[in-house]
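User: I am new to this structure and would like to learn how to read its features one at a time. Could we begin with the pairing of strands and proceed from there?

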Protein chains: 2
Amino acid sequence: MQQLLDNITSIVDLTSQEAEKISEKFRTFFLKRKKDLLRGGDICKDIAFVSQGCVRSYTIDENGNEHVIQLAFENHWISDLYSFLSLEPSTLFIEAIEDSKLLLISNELLEQLNSEVPKMERFFRILIQRAYVSTLQRLEKSFSEPAAIRYKALIEKNPDLLQRVPLIYIASYLGITPESLSRIRKQRH
Amino acid sequence: MQQLLDNITSIVDLTSQEAEKISEKFRTFFLKRKKDLLRGGDICKDIAFVSQGCVRSYTIDENGNEHVIQLAFENHWISDLYSFLSLEPSTLFIEAIEDSKLLLISNELLEQLNSEVPKMERFFRILIQRAYVSTLQRLEKSFSEPAAIRYKALIEKNPDLLQRVPLIYIASYLGITPESLSRIRKQRH
DNA sequence: CGCGGGTTTGATGATGCTCAAGCCCGGTGG
DNA sequence: CCACCGGGCTTGAGCATCATCAAACCCGCG
């Protein structure tokens, strides 16, 4: 739980009372490898902070192909924001890649928290801003750079990805097939 | 200015005092076709609400190719959020496609506004959330669907695009070249 | 009238996909 | 303890999509 508070205070300051109010709204949840936190079609009732482990979100398109939207290691957040906020059925699946420990907060408790600790509104705004900016960059790179370069950049920025995430998910995150990634990896060095 | 307030109250309620405080922080700015609001390398000092006209943001990659990031008509917002919030030099250009009327708010005035009218924090959080979600969908579609289908969907959702935005920018927004878009348009009907 | 931006057309090639097959290896059950 | 899965990864052949380069076209506007 301290880990969560550290994550929040890296963006906004908290008094100990505020920290207390935050802590009591989150609940711990253990998710085994390959198990779902969210299934497409369900309503996404929680936002998750990854305390330990590794989690991915993905969609399944009309042809039945998976597309990894997000990869979240420790100290990152994951959710289907659209469903969480609109209360519409989700189009995303969220699944553990490793046995993971999550801290969850529900929609209702987040509403409460936002009114009790207005700073949290700011915190989440900044969190979402960063996610938005990085998604725009990801989009732009996917238009301007071939997959080989995006792969190299991804691994350099995140070396433990290779140890912890199967290549099929890395390929999907990059928007290519496992076969293409395999061929990319074979080239050069 | 009423247009701006309408846009805000479509998401959060405002008292007339709050509306007043908001109005006085924005300034009107006319931007001629082909003129820049922001140049890459500069710091993005304002967020813009498009009151009339049409504006685009784009990057220029290492090879000198432009990539349209955003297209904003009336009642939409545009900025380089990354630069605006971090005060780092921008990587984006923002340019008018049509003669446009913008309402601008600077970083400092927005800070003030956020503290005077805390609802604005909420408003912008929701605005950014929506932008984030739609960018994620755009990314996923660009991985899962060929350009021809994305083009069709874009035009159906936004028919006046064809009247108002040159095809080169539409192509770029879709992540393809003008030549490819031309060929897509030639096929089927 | 001619310039120039936007669009089209054609030829060729790169990137990445599909389908099919095989390999490697860790886990499970007999 | 071994045999046999089965998931993850690789390899190959052929193909779709889209890019590149070069040229021509169209048309509004100075």
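Analyst: In this predicted model, strand 4 (residues 54–60) of chain A and strand 7 of chain A run antiparallel and are joined by 4 bridges. One bridge pairs A:V55 with A:A96 in strand 7 of chain A.

User: Which other strand of chain A is joined to strand 7 of chain A?

Analyst: Strand 2 (residues 36–38) of chain A is joined to strand 7 of chain A by 2 bridges, and these strands also run antiparallel. Here A:D36 has A:E95 as its bridge partner.

User: How should the two faces of a strand be read, and are those of strand 7 of chain A covered or not?

Analyst: The general idea is that side chains in a regular strand alternate between the two faces of the sheet. In strand 7 (residues 93–96) of chain A, A:F93 and A:E95 lie on one side, while A:I94 and A:A96 lie on the other. These four residues are all buried, so both faces are covered.

User: What does chain B show for strand 4 and its partners?

Analyst: Strand 4 of chain B pairs with strand 5 (residues 66–73) of chain B in the antiparallel sense, over 7 bridges. One of these links B:I60 to B:E66 in strand 5 of chain B. Strand 4 of chain B is also joined antiparallel to strand 7 (residues 93–96) of chain B, by 4 bridges, and there B:R56 stands opposite B:E95. Strand 4 (residues 54–60) of chain B is mostly covered, with 6 of its 7 residues buried.

User: Which residue takes a positive phi in the hairpin of strand 4 and strand 5 of chain B?

Analyst: That residue is B:G64, with a positive phi near 85°. The hairpin has 5 residues between its strands.

User: How does one read the overall form of chain A?

Analyst: One begins with the count of elements: chain A has 9 helices and 8 strands. The next step is to set the radius of gyration against the value for a compact globule. For 189 residues that value would be near 16 Å, and the 18 Å of chain A agrees with it. The C-alpha trace of chain A spans about 55 × 35 × 30 Å along its principal axes. Buried residues account for 34% of the 189 residues in chain A. Of the contacts in chain A between residues at least 6 apart in sequence, 70% join residues at least 24 apart.

User: How many residues of each chain are in contact with the other chain?

Analyst: There are 27 residues of chain B in contact with 27 residues of chain A. On the chain B side, strand 5, helix 3 (81–86) and helix 5 (119–144) each give two or more residues. Helix 5 of chain B gives the most, with 17 residues. This side of chain B divides into 13 nonpolar, 8 polar and 6 charged residues.

User: What turn and what shift lay chain B on chain A?

Analyst: A turn of 180° with a shift of 0.0 Å along the axis lays chain B on chain A, with an RMSD of 0.0 Å. That is the relation of a two-fold axis. The same surface serves both copies, since 100% of the contact residues of chain B recur in chain A.

User: Which residues come closest to DNA strand C, and which come nearest to DNA strand D?

Analyst: Of the 16 residues that surround DNA strand C, the closest are A:P146, A:A147, A:S180, B:L167 and B:S182. Helix 9 of chain B gives the most to that surface, with 6 residues. DNA strand D also has 16 residues around it, of which A:L167, A:S182, B:A147, B:I176 and B:S180 come nearest. Helix 9 of chain A supplies the largest share there, 6 residues. The surface near DNA strand D divides into 8 nonpolar, 3 polar and 5 charged residues.

User: As a last case, why does B:I155 count as partly exposed?

Analyst: Exposure is read from the number of C-beta neighbours: 20 or more within 10 Å make a residue buried, and 12 or fewer make it exposed. B:I155 has 14 inside 10 Å and therefore counts as partly exposed. B:I155 has its place in helix 6 of chain B. Leaving aside residues up to four places away in sequence, B:I155 touches B:L161 and B:L162.

Note on methods. Residues numbered from 1 in each chain as written. Chains lettered and ligands numbered in written order. Predicted model: local features only at pLDDT ≥ 70, side-chain atom pairs only at ≥ 80, totals over all residues. Pairing = 2+ DSSP bridges. Near = placed C-beta within 6 Å. Nonpolar A, V, L, I, M, F, W, Y, C, P; charged D, E, K, R; others polar. Contact = placed C-beta atoms within 7 Å. Least-squares fit on C-alpha atoms with pLDDT ≥ 70 in both. Rg over C-alpha atoms; globule rule 2.2 N^0.38 Å.
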